[in-house]
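Here's a quick briefing to read alongside the model. Have the sequence and the 3D view open as you go.

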Amino acid sequence: MLNSVVIAATEETHNPLIPAWPDIIGSVICFVIILFFFWKLVLPRMRKLLDERAEAIEGNIAKADEAQHKAEALLEEYTAQLADARAEAAKIRETARTDGQKIVAEAKDNALAEAARVTAAAQAQIEAERQGALVSLRGEVGSLAIDLASGVVGEVLTDDKKAQAIVDRFLADLESSEARKAQEAGSSN
């Protein structure tokens, strides 16, 4: 029992929070060995891995910057091309509008010329038909007048020149009286 009291007394002076010297030395040796392996093997691999990732990230950032600059350059080029295309489209529209106006003006002029030509041809044809009808009418009126006069007189009139002169004089008097009536009707309106 005395031994147990001495052991207990010696144990009482020892602080349970502080480890024993052999434990501390063993722990330090393990720590140094682990630190050495970590320092020589793990840390260089981690640095290499981190450096590779940093280079990859920097490379991606550089590529992104380059792509952004290219995109901005393409956008500027596209904007310039779009502005040129719009200007060219406006020029083409204006040219087309001018050409359209010229074509419309030419078509109007051609239509007016054609209308004038058709009107002149129609008037010439009407005048020719009128003259033909007048000649035909004179011949018929003359032959009817001669037949009528022959029936009234009871003789056959054979002198064509004399009969024609009488018919022409009669028709001329008729035309002049019609012209006077037309002038009097026109001046009263």
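Let's start with a charged pair: glutamate 94 and arginine 97 make a salt bridge, with their closest N and O atoms 2.9 Å apart. Both residues sit in helix 2, 3 residues apart, or about one turn of the helix. Keep in mind that this is a predicted model.

**Salt bridges**

- In general, side chains of opposite charge can pair when their charged atoms come close.
- The count of salt bridges comes to 4, among them the pair of glutamate 94 and arginine 97.
- Are the two partners in that pair buried, exposed or in between? Glutamate 94 is partly exposed, at a relative accessible area of 42%, and arginine 97 is partly exposed too, at 46%. Both get that label because their values fall between the 20% cut-off for buried and the 50% cut-off for exposed.
- Glutamate 66 and lysine 70 bring their side chains together in another salt bridge, at 3.4 Å from N to O. They are both in helix 2, with their positions 4 residues apart, which is about one turn of the helix.
- Glutamate 66 has a relative accessible area of 46%, so it counts as partly exposed. Lysine 70 comes in at 51%, so it counts as exposed.
- Arginine 130 bridges to glutamate 127, and here the closest N and O atoms are 3.3 Å apart. This pair also lies in helix 2, 3 residues apart, again about one turn of the helix.
- Arginine 130 is partly exposed at 47% relative accessibility, and glutamate 127 is partly exposed at 37%.

**Overall fold and surface**

- How many helices and strands does the protein chain have? There are 3 helices and 0 strands, and from the N terminus on the order is α-α-α.
- Helix 2 covers residues 21–153.
- Of the 189 residues in the protein chain, buried ones make up 4%.
- The protein chain exposes about 16600 Å², and 64% of that comes from carbon and sulfur atoms.

**Surface patches**

- A nonpolar patch on the surface is formed by Trp21, Ile25, Ile29, Ile33, Phe36, Phe37, Phe38, Leu41, Val42, Met46 and Leu49. Together these residues have about 1100 Å² of accessible area.
- If you want a starting point for finding that patch, isoleucine 25 is in helix 2.
- Which residues gather in a patch of negative charge on the surface? They are Asp51, Glu52, Glu55 and Glu58.
- Aspartate 51, one of the residues in that negative patch, is found in helix 2. Its relative accessible area is 46%, so aspartate 51 counts as partly exposed.

**Aromatic rings**

- A pair of aromatic rings is described by the distance of the centres and the angle of the planes.
- The structure holds 1 aromatic pair. Phenylalanine 36 and phenylalanine 37 are the partners, set edge-to-face with 5.9 Å centre to centre and 70° between the planes. The edge-to-face label applies because the angle is over 60 degrees.
- Phe36 and Phe37 also belong to the nonpolar surface patch. Phenylalanine 37 is partly exposed, with a relative accessible area of 45%.

Note on methods:
Residues are numbered from 1 along each chain as its sequence is written. This is a predicted model: local features need pLDDT of at least 70, side-chain atom pairs count only at pLDDT 80 or more; totals for chains, interfaces and linings use all residues. Side-chain values use heavy atoms; hydrogens and water are left out. Patches are made of residues with over 30% relative accessible area and no salt bridge: like charges are joined within 9 Å, nonpolar side chains (Val, Leu, Ile, Met, Phe, Trp, Tyr) within 5 Å. Accessible areas come from the Shrake-Rupley method with a 1.4 Å probe; for residues, only the protein chains shown count as cover. Lys and Arg count as positive and Asp and Glu as negative; His and the chain ends are not counted. The place of a charge is taken as NZ of Lys, CZ of Arg, CG of Asp or CD of Glu. Helices (H or I, at least four residues) and strands (E, at least two) are DSSP runs, numbered from the N terminus. Buried means under 20% relative accessible area, exposed over 50%, partly exposed in between (1.4 Å probe, protein chains only). Rings of Phe, Tyr and Trp (its six-membered ring) pair if their centres lie within 6.5 Å; planes under 30 degrees apart count as stacked, over 60 as edge-to-face and the rest as tilted.
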